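This briefing concerns the single chain shown below. Please keep the sequence and the model at hand while reading.

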Amino acid sequence: MLARDSAVAVLHPLVLLNISEHATRMAALVRCRKDANNTSISATQAALPPLVLGALLGNQADGGRHEVFLSFELKVEKENGNLDIDSAHFETRLEQLRVIFPNHEFIGWYVASSSHQVSPLMLELHTKLVSINPSALLLVFDASLAGE
């Protein structure tokens, strides 16, 4: 039996594949840019770009069970030196998926990070996304081990 404040998150395999593919594709782009510019970047930077994030869609049940069925990439825009989620892109993708999957809602977001610590940027973005869903989940995906 779960403790009163515990939650269970069930991730469907497609979500893990989408996140892994997103992180791998972005890492490949970083390596291509490095090769094109003939510049040196660290192995960590080559393995994992700084902003790989996306939305999680699924269902939240009473009792703390969250089922994550779908995910999509979030675009980030830089405005006045601050990073923010492209809300037009987010709303468009969310509406498109709601047409096909009307029972799924935005239940959280993911970020690929080699650190297991929540960074100030993650906290800032989470605060913004909590305005959409007050109990939004944050999934930190460690893709730095992918090449090992």
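Among contacts in the chain between residues at least 6 apart in sequence, what percentage joins residues at least 24 apart? The figure is 65%. The model is predicted, and every value in this briefing is computed from it. The chain holds seven strands and four helices, and its centrepiece for this briefing is an open sheet of five strands.

**Overall composition**

- Read from the N terminus, the elements follow the order β-α-α-β-β-β-β-α-β-α-β.
- The chain has 148 residues, of which 32% are buried.
- Its accessible surface amounts to about 9,100 Å², and carbon and sulfur atoms account for 55% of that area.

**The five-stranded sheet**

- The strand order in the open sheet is 1-3-2-6-7, and the pairing is mixed.
- Strand 1 (8-11) and strand 7 (137-141) form the edges, each of them pairing on one side only.
- On average, and with direction ignored, neighbouring strands of this sheet are turned by 35° against each other.
- Strand 2 (residues 52-61) runs antiparallel to strand 6 (residues 105-112), and seven bridges join the two.
- Within the sheet, Leu56 is placed opposite Gly108 of strand 6.
- Strand 2 also runs antiparallel to strand 3, to which eight bridges join it.
- Gly58 faces Val68 of strand 3 across this pairing.
- Strands 2 and 3 make up a hairpin with three residues between them, and Gly63 in the turn has a positive phi of about 100°.
- Strand 2 is mostly covered, with seven of its 10 residues buried.

**Helices packed against the strands**

- Helix 4 (residues 120-130) lies across strands 2, 6 and 7. Its direction is at about 170° to strand 6.
- Strand 2 and strand 6, joined by seven bridges, also take part in the packing of another helix. Helix 3 (residues 87-100) packs on the sheet and touches strand 2, strand 3 (65-73) and strand 6.
- The direction of helix 3 makes about 120° with that of strand 3.

**The aromatic cluster**

- A search of the whole structure yields two aromatic pairs.
- In one of them, the ring centres of Phe72 and Phe90 are 6.1 Å apart and the planes meet at 40°, so the pair counts as tilted.
- Because Phe72 belongs to strand 3 and Phe90 to helix 3, this pair ties together parts that are 18 residues apart in sequence.
- Phe72 and Phe90 are buried.
- Phe90 also pairs with Phe106 in an edge-to-face arrangement, with 5.3 Å from centre to centre and 90° between the planes.
- This pair links distant parts of the chain, since Phe90 is in helix 3 and Phe106 in strand 6, 16 residues apart.
- Phe106, like Phe90, is buried.
- Through these ring pairs, Phe72, Phe90 and Phe106 are linked into a cluster.

**The loop between helix 4 and strand 7**

- Asn133 is located in the loop between helix 4 and strand 7.
- The relative accessible area of Asn133 is 6%, so this residue is buried.
- A polar atom of the Asn133 side chain lies 2.9 Å from the backbone nitrogen of Ser135.
- With neighbours within four places in sequence left aside, Asn133 is in contact with Gln60, Phe106 and Ile107.
- Phe106, one of these contacts of Asn133, is also part of the aromatic cluster.
- Ser131 is likewise placed in the loop between helix 4 and strand 7.
- Ser131 has a relative accessible area of 63% and is therefore exposed.
- A polar atom of the Ser131 side chain lies 2.5 Å from the backbone oxygen of Lys128.

**Strand 5**

- Asn82 is found in strand 5 (residues 82-85).
- The relative accessibility of Asn82 is 46%, so the residue counts as partly exposed.
- Asn82 and Leu121 are separated by 39 residues in sequence, and their C-alpha atoms are 9.6 Å apart in space.

Methods: Residues numbered from 1 in each chain as written. Predicted model: local features only at pLDDT ≥ 70, side-chain atom pairs only at ≥ 80, totals over all residues. Heavy atoms only, no water. Buried < 20%, exposed > 50% of the residue type's maximum accessible area, 1.4 Å probe, protein only. Contact = heavy atoms within 4.5 Å. Areas by Shrake-Rupley, 256 points an atom, 1.4 Å probe, with all protein chains shown as cover. Pairing = 2+ DSSP bridges. Axes fitted to C-alpha atoms, helices over the stretch in contact; angles between N-to-C directions. Phe/Tyr/Trp six-rings, centres within 6.5 Å; stacked < 30°, edge-to-face > 60°. Polar contact = N/O pair within 3.5 Å; in protein donor to acceptor, adjacent residues only side chain to side chain.
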